[in-house]
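Q: Please take a close look at one helix in this model and at what surrounds it. A single connected account would suit me.

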Amino acid sequence: MVNQYKMAKHFELAIGDNTFTFARKHEAIAAEAALDGIYIIRTSVQATRMDAADCVRNYKALANVERAFRSLKTVDLKVRPIHHRTADRVRAHILLCMLAYYVEFHMREAWRELMFADIDQAAKATRDPVAPAQRSPLALDKVASRTVDDSTPAHSFATLMAELGGIVRNTCRTPSAGPDAPTFDVVTTPNPTQRHALDLIKQIRL
């Protein structure tokens, strides 16, 4: 139990038949404190291809991978649990989920101006990668006002999808017509937010 939290290296223990004493290793504690909060990132990529700043940025970009897996497993796509019983079906399921996340990724990028997301992505490539990340003034304004430029509500991805879910197609038949009479479809007219979101989707280029 003494090393449960990896602290045994900082204490000198003396255990006898009827005694137990301990003392702190002050030099070891001071050396650990001097490096507290400092970490080193190493890479095999040549400095001519990726300098130190880009190395840190790429390391921090792993957070995007973790966010993608969280979206896949729980938040949006809910890949788990998988009830398939053959390897081919599992692989096919995972492939479809990855394709679905690929589509979601491009939708999120296209909808940045409608969501709480920061539009100023170019700043990520120039700001100090070691300093704490800071959102742009525009993003902070969206969070504070909970609105976007046109004063409509700012959305998360889930709420924007729910907003688009209000667009429906109704299959209609003229009044008093028989069951064999022809039908026609009527699609509800999108509101300004829905129309804006659909226009942004059309601008996606792969």
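A: **Helix 7 and its surroundings**

In helix 7 (residues 192-202), the buried residues are Thr193, Gln194, Ala197 and Leu200. They lie on the same side of helix 7 because they cover an arc of only 125° around the axis, the arc being that of the directions from the helix axis to the C-beta atoms. Pro192 and Lys202, on the other side of helix 7, are exposed. Buried means under 20% relative accessible area, exposed over 50%, and partly exposed in between (1.4 Å probe, protein chains only). Helices are DSSP runs (H or I, at least four residues), numbered from the N terminus.

This is a predicted model, in which local features need pLDDT of at least 70 and side-chain atom pairs count only at pLDDT 80 or more, while totals for chains, interfaces and linings use all residues. Residues are numbered from 1 along each chain as its sequence is written, and side-chain values use heavy atoms, with hydrogens and water left out.

At the start of helix 7, the backbone nitrogen of Thr193 has a side-chain oxygen of Asn191 within 3.1 Å. The buried residues of helix 7 pack against helix 4 (87-110) and helix 6 (157-164), with contact meaning heavy atoms within 4.5 Å.

Ala197 and Leu200 also belong to the largest nonpolar core, which has 10 residues in all, including Met107, Trp111, Phe157 and Leu160. Such a core is a set of buried Ala, Val, Leu, Ile, Met, Phe, Trp, Tyr and Cys residues joined through side-chain atoms within 4.5 Å. At least two residues of this core come from each of helix 4, helix 6 and helix 7; helix 6 gives the most, with three residues.

How values were computed
A polar contact is a pair of N or O atoms within 3.5 Å; within protein, one must be able to donate a hydrogen and the other to accept it, and residues adjacent in sequence count only if both atoms are side-chain atoms.
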